[in-house]
Amino acid sequence: MARPCFVANWKMNKTVVESLSYLTLLQKHLTDRALQNCDLIIAPPYTALFSMGKRIKELSLPTSWVAGVSPPAGVVPPSLRLSLAAQNIYSEADGPYTGEISAKMLCETGCQYVIIGHSERRNYFSENNNTIAAKVLASLGAGLTPILCVGERAKERKEGRTLEVVKRQVKEGLSRVDGDLSQCIVAYEPVWAIGTGNTPASSEVGQVHQAIAQSLKEKGRDDACGTLRIIYGGSVNEENVAAFMKEPHIDGILIGGASLSAETFVNIVQVGARCNVPLP
Ligand code: PGA
């Protein structure tokens, strides 16, 4: 079973001060046993990455923590990974690209992941599968894990084109990756489900995830797939997360609006993680 991951995408929300307060709240819950096998990934705005990266490093883990023995208050157990993601990246290494941020700059902040091709970037900033493929390549080149977002629009779904659209986005988005796809995460986020309160049935999402995995295999990329994780995003909350995480092909969740409160994010993760990892 893939290690479950929960991504908090804050979008254009929270100042540096607000981001650090969130981290302080989050830290209080990190010793929960349900979270010990999870990747928690926070994607704040660019401006907060450096300060948050520094704060997370200060939470550094004792190597001697023993399973079953509670770590001291505020210490993160070693099997929980708390990481940062950027919400975007530029594909060039440096140069005259006013307003852009490179992979090297992101790495310096302590960031380990980057969300690429979110539907808001595709819609408002004209990103397409070509520019997205270049960003995926640039992030992997710097050792960052890309979280490639794909998803159909309402009209495409009505026309029965969900799988066609999603498979093409995955294929083209990953087209410049030669090697190991296990360093990538794919986030399936139907555009019509983002921020609307509407979601597909969890079984439908499971089928889309299965189709994505299958299409990568058919492209002869099965060896390269390794532990590639496919996560779901779109109006996930405390009530519906369990249904998604019980699906065998859903390896985690990308949460937007509901992740803006640290308490709600932790609640979602606790419910979701319990579905995925049976506790003793
Ligand atoms: P939402 O956003 O959870 O607010 O629907 C998800 C996303 O945009 O990634």
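**Ligand contacts**

I started with glutamate 189 in this predicted model: an N or O atom of the glutamate 189 side chain sits 2.7 Å from an oxygen atom of the ligand. Next I looked up glycine 195, where a polar backbone atom is 2.7 Å from a ligand oxygen. I then turned to glycine 257 and found a backbone N or O atom 2.8 Å from an oxygen atom of the ligand. How much of the ligand's accessible area does the protein cover? I noted 95% of the 280 Å² that the ligand has on its own.

**The shell**

I counted the neighbours as well: 13 residues surround the ligand. Lys11, His118, Glu189, Gly195 and Ser235 are the closest. Sorting the shell by class, I got seven polar, four nonpolar and two charged residues.

**Strand S6**

I moved on to strand S6, which spans residues 185-188. Are its faces buried or exposed? I found Ile185 and Ala187 buried on one side, and Val186 and Tyr188 buried on the other, so to speak a strand covered on both faces.

**Neighbours of S6**

Which strands pair with S6? I have S5 (residues 145-150) joined to S6 by four bridges in the parallel sense. For a concrete pair, I picked isoleucine 147, whose bridge partner in S6 is isoleucine 185. Strand S7 (residues 229-233) also runs parallel to S6, with four bridges between them. Here I noted alanine 187 opposite isoleucine 231 of S7. My two example residues in S6, Ile185 and Ala187, are on one side of the strand, and both are buried.

Conventions:
Residues numbered from 1 in each chain as written. Predicted model: local features only at pLDDT ≥ 70, side-chain atom pairs only at ≥ 80, totals over all residues. Heavy atoms only, no water. Near = heavy atom within 4 Å. Polar contact = N/O pair within 3.5 Å; in protein donor to acceptor, adjacent residues only side chain to side chain. Areas by Shrake-Rupley, 256 points an atom, 1.4 Å probe, with all protein chains shown as cover. Nonpolar A, V, L, I, M, F, W, Y, C, P; charged D, E, K, R; others polar. Buried < 20%, exposed > 50% of the residue type's maximum accessible area, 1.4 Å probe, protein only. Pairing = 2+ DSSP bridges.
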